2 protein chains.
Amino acid sequence: MNESTSPAPARRSDATRRAILEAARERFAADGYERATIRAIAHQAKIDPSMVMRYYGNKEGLFAAAVAIDLKLPDAASLPRGEEGRTLVTHFLDQWERNEVLTALLRVGATNDAGAERMRGIFSDQLLPLARRVCPDPEQAPARAALVSAQLLGLALTRYVLRFPPAVHLHPEEITAWLAPTVQHYLTAPHPGP
Amino acid sequence: MNESTSPAPARRSDATRRAILEAARERFAADGYERATIRAIAHQAKIDPSMVMRYYGNKEGLFAAAVAIDLKLPDAASLPRGEEGRTLVTHFLDQWERNEVLTALLRVGATNDAGAERMRGIFSDQLLPLARRVCPDPEQAPARAALVSAQLLGLALTRYVLRFPPAVHLHPEEITAWLAPTVQHYLTAPHPGP
DNA sequence: AGCATAGGCCAACAAGTGTTGACCTCGGGG
DNA sequence: CCCCGAGGTCAACACTTGTTGGCCTATGCT
């Protein structure tokens, strides 16, 4: 619908490609890397397993294509001062509820090194720069970003992967009310000292 | 060395059984459930794969035996009032650094439902009761315990599973200095309200 | 000493995996 | 109209997995 801006030649098989990617995300998110077999993905996409190979080369390539996504973190400069924690938490929750790519990434990252590497990349490409701009001493940025990611990924883990019942039943507003001050603290509070 | 108190008949194969369990924990912790093959475990334990089946029935049984462990959380009554957060964090860090069972459990829990169920059991059997005794309104205990587990497991995830470099390089004392107030807050602070 | 038995190894099975290549089948441009 | 290539299916490959049963070995009891 927008041929001029996108360099893609708009092949006739685009619908199938999308179906494969969608099924792949769902299976990876539900089963992890090993148990999400190409046959199961192909079955769910209602096509033949060999099509997956034709379009994505091999399973690694399929996974890479399925989790190629941008977090679109808000720019650090545009954040209201003092509200960085709240903004981050709501943004994360929103992304996580909307699409299952992040759940797939987290589940795969726990057992597959390519997945873990992808998570490390997201961390250092997107969260770290933000921390560098927000937190007082840039030298402390990596540690502070690590603390923030531990808090946020910990919530995702217990809520979307391990499915602890109380974590699942928490309302998004309640999560924000609890986590936002913590994240804000990790980003901007003075170092507590050992 | 203590035959009277232990009901185990002290079989001659106990050394082998221990070797299998040790290798199993190491492989599960490093590779997760699927990629930790019985053959790999047997090879590391320097015995035949069929011995694993003989002693533990099947792979599920081996996993169950390998992760049958008690967190040994300190009793809520014995905690110094106001220091529950610090005690919990140091205790968790200590357990996690000491043996790899917890890493195995976390890694497997991300993809295997038996593993996730085991984690949910530990949560509700060990952390929840503690929260019920420590936090002001017992009705809020599940939510508060969930927040605490999100913070603690998030740290374990980024440090021992995903291995974010800044999380790996954090010193235990620094982790405690940052996390103890957070955990204490989640346990005892008044509800922030949505 | 003799032997039952627990400890251990070897080879094989059936099932499921990623991956490949040969083969159909249309749809649109010459 | 024909045909050619992209889209799609089928069957098979080589390999790995969990699991099994038969066989050997040596330990400890009588």
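Trainee: What sits 2.8 Å from a polar side-chain atom of Arg39(A)?

Mentor: A base nitrogen of DNA strand C. Arg39(A) also has a polar side-chain atom 3.5 Å from a base nitrogen of DNA strand D. A polar contact here is a pair of N or O atoms within 3.5 Å; within protein, one must be able to donate a hydrogen and the other to accept it, and residues adjacent in sequence count only if both atoms are side-chain atoms. Bear in mind that this is a predicted model: local features need pLDDT of at least 70, side-chain atom pairs count only at pLDDT 80 or more, and totals for chains, interfaces and linings use all residues. Residues are numbered from 1 along each chain as its sequence is written, chains are lettered from A and ligands numbered from 1 in the order in which they are written, and side-chain values use heavy atoms, with hydrogens and water left out.

Trainee: Ok. Which side chain of chain B has an N or O atom 3.1 Å from a base nitrogen of DNA strand C?

Mentor: That's Ser50(B). On the backbone side, Tyr55(B) has a polar side-chain atom 3.2 Å from a phosphate oxygen of DNA strand C.

Trainee: And which residues come nearest to that strand?

Mentor: Thr37(A), Arg39(A), Lys59(A), Ser13(B) and Arg54(B), out of 18 around DNA strand C. A residue is near if one of its heavy atoms lies within 4 Å of the strand. Of the atoms of DNA strand C that come within 4 Å of the protein, 50% are sugar and phosphate.

Trainee: Which helix gives the most to that surface?

Mentor: H3(B), with four residues. Helices are DSSP runs (H or I, at least four residues; strands are E, at least two), numbered from the N terminus. H2 (38-44) and H3 of chain A, along with H3 of chain B, each supply at least two residues there.

Trainee: Now DNA strand D. Which residues come nearest?

Mentor: Met51(A), Arg54(A), Thr37(B), Arg39(B) and Lys59(B), out of 19 around DNA strand D. H3(A) gives the most to this surface, with four residues.

Trainee: How far is the side chain of Arg39(B) from a base nitrogen there?

Mentor: An N or O atom of the Arg39(B) side chain is 2.7 Å from a base nitrogen of DNA strand D. Tyr55(A) has a polar side-chain atom 3.3 Å from a phosphate oxygen of that strand.

Trainee: How many residues of each class line DNA strand D?

Mentor: Five nonpolar, six polar and eight charged. Ala, Val, Leu, Ile, Met, Phe, Trp, Tyr, Cys and Pro count as nonpolar, Asp, Glu, Lys and Arg as charged, and the others, Gly among them, as polar.

Trainee: Where does UniProt put the "DNA-binding region" in chain A?

Mentor: The unreviewed entry has it at residues 37-56, a stretch that is 75% helix and 0% strand in this model. The annotation "domain: HTH tetR-type", also from an unreviewed entry, covers residues 14-74 of chain A. UniProt positions follow the numbering used here, feature names are shortened, and annotations may be inferred rather than shown by experiment.

Trainee: Switching topic: what turn lays chain B on chain A?

Mentor: A turn of 180°, with a shift of 0.0 Å along the axis and an RMSD of 0.0 Å. That is how a two-fold axis relates its copies. The fit is least squares on C-alpha atoms of residues with pLDDT of at least 70 in both. Gly154(B) comes closest to the axis of all chain B residues, at 1.7 Å (C-alpha).

Trainee: Why do you say the copies meet through the same surface?

Mentor: Because 100% of the interface residues of chain B are also interface residues in chain A.

Trainee: Is Gln151(B) buried or exposed?

Mentor: Buried, at a relative accessible area of 0%. The cut-offs are under 20% for buried, over 50% for exposed and partly exposed in between (1.4 Å probe, protein chains only). Gln151(B) belongs to helix H8 of chain B. Beyond neighbours within four places in sequence, its contacts (heavy atoms within 4.5 Å) include Gln151(A), Tyr186(A) and Leu179(B).

Trainee: How many residues of H6(B) are buried?

Mentor: Nine of its nine, over residues 101-109. Arg107(B) is one of them. The cover includes H8 (141-161) of chain A as well as H1, H4, H5, H7 and H8 of chain B.

Trainee: Last one: how many helices and strands are in chain A?

Mentor: Ten helices and zero strands. Of its 194 residues, 52% count as buried.
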